[in-house]
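Reader: I should like to learn how aromatic rings and helix contacts are read in a model. Could we take the features one after another?

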Amino acid sequence: MMQSHRAPLIILAASSAIALGTAYGSQYLAGLNPCVLCLYQRIPHWLVLVAGLLAALPLTPAHLRRPALVFCGLALLAGAAIAGFHHGVEQKWWAGTDDCSAVLNTGSFEDFRAQILNNPIVRCDEVPWSLFGLSMASYNFLASLLLSVVAFWCAAKRLPGGLR
């Protein structure tokens with residue numbers, strides 16, 4: 001018999017693994033360097049990946065799985081908020097954070113040169129890649145929002161093997 005809420009946790013963890021794989025693949029294989037908001041968007045997916053896998057372990061008590069689904073839903077909702085904010089920055093609806101602009105060291109020339117050579121300058125308001133007019137932040141917003149709804153729905157639902 002299926003244990004309560006294991007399958008949704010595994011699906012959420014796998015979805016976050018796919019999102020992270022896409023982000024790291026675009027960075028290291030396609031050469032699309034992330035901006036600071038791109039990096040922030042990865043954090044909720046890491047949280048969902050770890051929490052989802054830990055909560056889905058057979059040794060994890062079944063009564064902890066529903067709170068884990070709520071946690072994953074909240075993390076994904078936070079991820080959707082970050083991605084939505086990033087989308088707005090890309091569309092120039094509002095300004096990004098201080099870290100979003102290309103602020104360079106104003107120290108010595110050698111410090112300035114080292115900063116340019118060691119850190120590629122990636123602005124948050126520029127879209128390096130899009131498909132059908134949507135950026136990676138846009139797709140992350142949609143995916144994170146949808147997955148958060150799935151997490152909350154599954155947490156509220158009585159699933160086979162559940163205790164509700």
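Reader: Which residues form one aromatic cluster?

Author: In this predicted model, the cluster consists of Tyr 24, Tyr 28 and Trp 46. One of its members, Tyr 24, also has a charged neighbour: Arg 42 lies over the face of the Tyr 24 ring, 4.4 Å from the ring centre.

Reader: How many aromatic pairs are there, and how is a pair described?

Author: In general, two aromatic rings are described by how far apart their centres lie and by the angle between their planes. Here the count is four aromatic pairs. Take Phe 85 and Trp 94: the ring centres are 6.1 Å apart and the planes lie at 15 degrees, so this pair is stacked. The cut-off for stacking is an angle under 30 degrees.

Reader: Are Phe 85 and Trp 94 buried or exposed?

Author: Burial requires a relative accessible area under 20%, and exposure one over 50%. Phe 85, at 28%, is therefore partly exposed. Trp 94, at 41%, is partly exposed as well.

Reader: Where do the axes of α1 and α2 come within 8 Å, and what is the angle?

Author: A helix pair is read from its axes, its handedness and its contacting residues. Helix α1 covers residues 6–28 and helix α2 residues 36–56; their axes come within 8 Å and cross at roughly 145 degrees. The crossing is left-handed. The residues of this contact divide into 15 nonpolar, four polar and two charged. On the α1 side they include Leu 9, Ala 13, Leu 20 and Tyr 24, and on the α2 side Arg 42, Trp 46, Leu 49 and Leu 53. Tyr 24 and Trp 46 thus appear both in this contact and in the aromatic cluster.

Reader: Which residues does Phe 71 touch, beyond those up to four places away in sequence?

Author: Phe 71 lies in helix α3, residues 65–90, and touches Leu 47 and Ala 51. With a relative accessible area of 38%, Phe 71 is partly exposed. The C-alpha atoms of Phe 71 and Ala 151 are separated by 8.7 Å, although these residues are 80 apart along the chain.

Reader: What is the order of the elements along the protein chain?

Author: From the N terminus the order is α-α-α-α-β-β-α, with five helices and two strands. Of the 164 residues, 35% are buried. Among contacts between residues at least 6 apart in sequence, 74% join residues at least 24 apart.

Notes
Residues numbered from 1 in each chain as written. Predicted model: local features only at pLDDT ≥ 70, side-chain atom pairs only at ≥ 80, totals over all residues. Heavy atoms only, no water. Axes fitted to C-alpha atoms, helices over the stretch in contact; angles between N-to-C directions. Helix = DSSP H or I, 4+ residues; strand = E, 2+ residues; numbered from the N terminus. Left-handed = near helix turned anticlockwise from the far one by under 90°. Contact = heavy atoms within 4.5 Å. Nonpolar A, V, L, I, M, F, W, Y, C, P; charged D, E, K, R; others polar. Phe/Tyr/Trp six-rings, centres within 6.5 Å; stacked < 30°, edge-to-face > 60°. Buried < 20%, exposed > 50% of the residue type's maximum accessible area, 1.4 Å probe, protein only. Lys NZ or Arg CZ within 6 Å of the ring centre and 35° of its normal.
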